[in-house]
Amino acid sequence: MIFAGLLGLLVGSFSNVLIWRLPRGENIAFPPSHCPNCDHRLGVQDLVPVFSWLSLGGKCRYCKAPIKARYPVVELLTGIGYAAIAALFPPLTVGWGALGLMVLFTILLVGSAIDLDTYTIPDELTLPGVALGALFGFLNGRAGVEGLPDFAGAVQGALLGAGVVVAINQFGSWVLRRFRERSWPEFPIGYQQISLALLAGAWLGPWWGAGVGLLSALLNAVTRRVIRVPELLTLGGLLVSVVLGSAGYGPGMILMVQGALAAAGAVSLVCGMYWWLHWRRHREDDGAADDTQVDASAMGFGDVKLAAVIGAFLGWERLLLALVVAVFAGAVFGVVQLAARSENRVKFGPFLALGAVVALLWGGTLISSYREMLGL
């Protein structure tokens, strides 16, 4: 536990590098750590977690510019988080699973800090995070770790995580637009294909449903134009499908909802990957990024991909708990903001991360208590 806490302090120091460099598109390894104000390279004595900041009085040793208190806070939080994970999931017992949860904690903390600063969550953090969640799921399955998802559970958690959040986004956006069609569907893949996957997945299952959504994107690419599929047909059709499923038609309501969400989650992740690669190529070709046109986060995918990361590492049950906590915490914060008449915006990412930490640390106990209460 002490070793895990010390490791957390060191990782927290590196997390500060990620928080600063990822949003700016900078290399996370080169150049070496330096003061962002005077660019002076930092020495070993400047990089001791927490203690360097305290000894310097929160100022740069070379130019005396103030250093944000966030730096020691991130280091302390990471150290405490790693120690708590080691206590609840002993590495000698859980093995790779404990390391995976520490990686998840770092992703959540870094993503939240960046979201608070820039109102975005970098794809460089979330998309590799989904792959890491699946990798640790595979290792958990090989080691027979209980309480954490195996590979199949990690894939299911990632798809359902992305699917739940993107479905909320789809229907919420549809309502806010007063059920009017989007003025500019993305080419060749975007929200339109996700809505189509929702409908197809309800009737055909997750993989065939995802195939239908991706086939639509392929047709767009081949014809070099967007073949519109009305949301009244896809989103409206999903609502009708759920009603029919509850009445006993088709695979049944539960399977239809699961299939719809997983299919939409799969297409969402493919969409996010496509736009991420497209943005990177655009930046390399033009020397600058045009976020309004090609940045995936501008499409509202940041929270979708973060939910996929949480589902991959924790499984679908803890993911749902994380969502409940996130919605409740966000609602409470919103009420406080209204009472204080504050106009500051806070994205959903930090609340989602908070819910994930609650699910990570106490999810097993809370879920077991809930099952006992229902007599399951």
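These legends walk through several close-up views of a predicted model.

**View 1. Residues 6–87 carry one of the domain labels found in UniProt.**
An unreviewed UniProt entry places "domain: Prepilin peptidase A24 N-terminal" at residues 6–87. Have a look at where this span begins and where it finishes: its end C-alpha atoms lie 14 Å apart. Helix makes up 48% of the span, and strand makes up 0%.

**View 2. The largest pocket holds about 640 Å³ of space.**
To find your way to the centre of this pocket, look for His34, Pro36, Leu42, Ile67 and Tyr71, the closest to it of the 30 lining residues. Which helices each supply at least two residues of the lining? They are H1 (2–21), H2 (51–55) and H3 (70–88). Helix H1 gives the most, with 6 residues. Sorted by class, the lining of this pocket has 18 nonpolar residues, along with 6 polar and 6 charged ones.

**View 3. The domain "Prepilin type IV endopeptidase peptidase" is placed by UniProt at two stretches of residues.**
The stretches are 102–222 and 228–335, and the entry behind them is unreviewed. Here you can follow residues 102–222, a span that is 79% helix and 0% strand. Its end C-alpha atoms lie 43 Å apart.

**View 4. The largest cavity has a volume of about 90 Å³.**
How many cavities of 30 Å³ or more does the model have? The count comes to 2, and this view shows the largest of them, lined by residues including Glu181, Arg182, Glu186, Arg228 and Glu231. Two helices, H8 (191–204) and H10 (231–246), give two or more residues each to this lining. The largest share, 3 residues, comes from H8. Try sorting the lining by class: you should find 5 charged residues, 3 polar and 3 nonpolar.

**View 5. The second largest cavity encloses about 50 Å³.**
Several glycines help to line this space, namely Gly97, Gly100, Gly133 and Gly137. Among the other lining residues are Phe136, Asn140, Pro149 and Phe313. Helices H5 (96–118), H6 (123–143) and H13 (302–314) each give two or more residues to the lining. H6 gives the most, with 4 residues. What classes of residue make up this lining? There are 6 nonpolar and 5 polar residues, and no charged ones.

**View 6. Ala113 sits in helix H5.**
Is Ala113 buried or exposed? Ala113 has a relative accessible area of 10%, and because that is under the 20% cut-off, this residue counts as buried. Now find Ala339, which is 226 residues from Ala113 in sequence. In space, the C-alpha atoms of these two residues are 25 Å apart.

**View 7. Gly211 belongs to helix H9, which covers residues 206–223.**
Gly211 is partly exposed because its relative accessible area is 34%, a value between the cut-offs of 20% and 50%. Now look for Val267, which is 56 residues from Gly211 in sequence. From C-alpha to C-alpha, Gly211 and Val267 are 8.4 Å apart in space.

**View 8. Residues 232–249 and 255–277 are among the stretches that UniProt lists as "transmembrane region".**
The listing comes from an unreviewed entry and also includes residues 96–114, 126–145 and 157–176. Residues 232–249 are 83% helix and 0% strand, and their end C-alpha atoms lie 21 Å apart. Residues 255–277 are 100% helix, with 0% strand. The end C-alpha atoms of residues 255–277 lie 33 Å apart.

**View 9. Helix H15 bends by about 80 degrees at Trp362.**
H15 runs over residues 349–374, 26 residues in total. How far apart are its end C-alpha atoms? They are only 31 Å apart, short of the 38 Å that a straight helix would reach at 1.5 Å a residue. After you have found the bend at Trp362, follow the chain onwards to Gly375, the residue that comes after H15. The phi of Gly375 is positive, near 75 degrees.

How values were computed. Residues are numbered from 1 along each chain as its sequence is written. This is a predicted model: local features need pLDDT of at least 70, side-chain atom pairs count only at pLDDT 80 or more; totals for chains, interfaces and linings use all residues. Side-chain values use heavy atoms; hydrogens and water are left out. UniProt positions are given in the numbering used here, feature names are shortened, and annotations may be inferred rather than shown by experiment. On a 1 Å grid over the protein atoms alone, a cavity is a set of points where a 1.4 Å probe fits but cannot get out, and a pocket is an open set with protein on both sides within 12 Å along at least five of seven lines; lining residues have an atom within 4 Å of a point. Grid points are joined across faces, edges and corners, and a volume is the space filled by probe spheres set on the points. Ala, Val, Leu, Ile, Met, Phe, Trp, Tyr, Cys and Pro count as nonpolar, Asp, Glu, Lys and Arg as charged, and the others, Gly among them, as polar. The expected span of a helix is 1.5 Å times one less than its number of residues. The bend at a residue is the angle between axes fitted to the seven residues ending there and the seven starting there. Buried means under 20% relative accessible area, exposed over 50%, partly exposed in between (1.4 Å probe, protein chains only).
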